[in-house]
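Here is a short briefing on one chain. Look over the sequence and the model before reading on.

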Amino acid sequence: MTGPYRSPLNEGVSVAAENEFKPIELGPIRLDTPVVLAPMAGVTDWPFRSLCLDWGAGLYVNQMITARALVEENALTWKLAEFGANEPIRSVQLYGTDPEYVTRSVRLLRERLNIDHLDMNFGCPAPKVTRNGGGAAIPAKRKLLYNIVKAAVDAAEDVPVTIKFRKGIDDNHLTFLDSGKIAEDAGCVGVTLHARTAYDLYSDHADWDAIRLLVEHIDIPVFGNGDIWEPWDALRMLRHTGAAGIEIGRGCLGRPWLFNDLVSVLSGREPSYTRPTLGLVATTMLTHLDKLINFYFEDPEESIVRRFRKHAGWYVAGYPVGKETRRLLHAVSSKDELQAVTDNFDFDQTLPLEGVRVKRSHTGGPRKVSLPDGWLQNPDADVKLSPDAEVNVSGG
Ligand SMILES: Cc1cc2nc3c(=O)[nH]c(=O)nc-3n(C[C@H](O)[C@H](O)[C@H](O)COP(=O)(O)O)c2cc1C
């Protein structure tokens, strides 16, 4: 391991001073480290959450599930909602468009899975949901947003509820300040702002100024989300915005040790894993795959390894492993094959400087937002969405 590295962007950023950042209380949940693993569809299952948990501390949110599918007893949805046997905080993200289904699904989540925390997603920019008024389009209709959130909070009873949203539809239709107030009025214990609009998708930089505005606008804790790739970014974001905490998405893909570094810098210590060796990467990849094989024990190994391929690509992102190794990693279909590829890694190779901020997963946008006709007129209209607005697609 080399010493802590910081990109030029983070020159001069110091680790936290004593008591600079406070623990966060979300109802009965206390987070000593104000860090949340962002819900990511197809990624934040128990194997990945437990890997991140092994490295750090914070709140680790399960994958997004949809309210209607839970109520309709969709087996795949219930599998997605599964927690680890000893998972310390059972946190799940729900997406719903109809208050009635939200009420029923939250009751089921409480009764069957004994959840400790519920997050609700209002940030999905996928055209097939926004064109029906769902996902990131919902905050443009304030009553609808309030009714969905209030239904969740009431049904959750003593389980704390947070919501996650984007800045708005586009720069001419910003909704995040209203959404924050609605969350507060409905009884949420916190909110997360992915500081981009639906139009932005994942392009350019997240707008941390917007996070600061939201912090100034509401009294419940705000988690800032967007573009934390190095532990130093977290310190910069917290200091720039005054947010209570941070939420990390793509930064930890193929980098679960980021959580260790976050605990370090937030407790005043230098980070240790800013440029990990390929040896550590190889061991972690194999541990991750083992966890997946144990968790999805009913699935054939080959299908599990196929699903692991995207992770494999993220693990080696930024390392000079060569085209052939990347091709082999994209083609692995068994644990033995993965082991054979990683055995050929140069175990002492550390992450090159230019690899530290290399982006993983989504980078697309900007893109015009598909919306129902007239959607942006009359934000206080009463609307009811069709079930087509509630499909389960990744994004937020
Ligand atoms: C693969 C992937 C899947 C995602 N799925 C969800 C999701 O189901 N719910 C959600 O609220 N956000 C989802 N997001 C968005 C992230 O939670 C996060 O808001 C976004 O990536 C911005 O944060 P980042 O810059 O730290 O990655 C997803 C992002 C990625 C990359």
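Is Ser-361 buried, exposed or partly exposed? Ser-361 counts as partly exposed, because 17 C-beta neighbours lie inside 10 Å, and the cut-off for buried is 20 or more. Bear in mind that this is a predicted model. The points below are grouped by topic.

**Domains**

- The domain assignment of the chain gives two parts: domain 1 covers 13-274 and domain 2 covers 278-351.
- Between the C-alpha centres of domain 1 and domain 2 the distance is 28 Å.
- Eight residues from domain 1 and ten residues from domain 2 make up the contact.
- On the side of domain 1 that touches domain 2, five residues are nonpolar, two are polar and one is charged.

**Ligand shell**

- The ligand is surrounded by 24 residues.
- The closest are Ala-38, Met-64, Gly-249, Arg-250 and Gly-396.
- By class, the shell holds 13 polar, eight nonpolar and three charged residues.

**Helix H10**

- Helix H10 spans residues 258-266. Its buried residues are Leu-258, Phe-259, Asp-261, Leu-262, Val-265 and Leu-266.
- These buried residues lie on the same side of H10, because they cover an arc of only 160° around the axis.
- The cover over the buried residues of H10 includes two strands, E3 (35-37) and E12 (245-248). It also includes two helices, H1 (46-55) and H9 (231-241).
- Gly-268 follows H10 and has a positive phi, near 85°.

**Phe-259 in H10**

- Why does Phe-259 count as buried? Phe-259 has 26 C-beta neighbours inside 10 Å, and 20 or more is the cut-off for buried.
- Phe-259 is in contact with Val-35, Cys-52, Trp-55, Gly-56, Gly-58 and Cys-252, leaving aside neighbours within four places in sequence.
- Phe-259 and Asp-373 are 114 residues apart in sequence. Their C-alpha atoms are 43 Å apart in space.

**Strand E5 and its partners**

- Strand E5 (residues 91-95) is largely enclosed by the rest of the structure, because five of its five residues are buried.
- In a regular strand, side chains alternate between the two faces of the sheet.
- Both faces of E5 are covered. Ser-91, Gln-93 and Tyr-95 are buried on one side. Val-92 and Leu-94 are buried on the other.
- E5 pairs with strand E4 (residues 59-66) in the parallel sense, over four bridges. Here Ile-65 has Leu-94 of E5 as its bridge partner.
- E5 also runs parallel to strand E6 (residues 117-122), joined by four bridges. Leu-94 stands opposite Met-120 in E6.

**Strand E12 and its partners**

- E12 is one of the elements covering the buried residues of H10.
- Which residues of E12 are buried on each side? Gly-245 and Glu-247 are buried on one side, and Ile-246 and Ile-248 on the other. Both faces of E12 are thus covered.
- E3 and E12 run parallel and are joined by three bridges. Leu-37 has Ile-248 of E12 as its bridge partner.
- Strand E11 (residues 222-225) pairs with E12 in the parallel sense, again over three bridges. Phe-223 has Gly-245 of E12 as its bridge partner.

**Backbone points to check**

- Where is the cis peptide bond that joins a glycine to a proline? The cis bond joins Gly-365 and Pro-366, with omega about 0°. Pro-366 lies in the segment after helix H14 (335-343).
- Ser-361 lies in the segment after H14. Ser-361 is not a glycine, yet its phi is positive, about 60°.
- Glu-73 is not a glycine either, and its phi is also positive, about 60°.
- Glu-73 sits in the loop between helix H2 (67-71) and helix H3 (75-80).
- Is Glu-73 buried or exposed? Glu-73 is exposed, because 9 other C-beta atoms lie within 10 Å, and the cut-off for exposed is 12 or fewer.

Note on methods:
Residues are numbered from 1 along each chain as its sequence is written. This is a predicted model: local features need pLDDT of at least 70, side-chain atom pairs count only at pLDDT 80 or more; totals for chains, interfaces and linings use all residues. Domain bounds come from an automatic or database domain assignment. Two residues are in contact if their C-beta atoms, placed from the backbone, lie within 7 Å. Ala, Val, Leu, Ile, Met, Phe, Trp, Tyr, Cys and Pro count as nonpolar, Asp, Glu, Lys and Arg as charged, and the others, Gly among them, as polar. The arc is that of the directions from the helix axis to the C-beta atoms. A residue is near a molecule or strand if its C-beta atom, placed from the backbone, lies within 6 Å of it. Two strands pair if DSSP finds at least two bridges between them.
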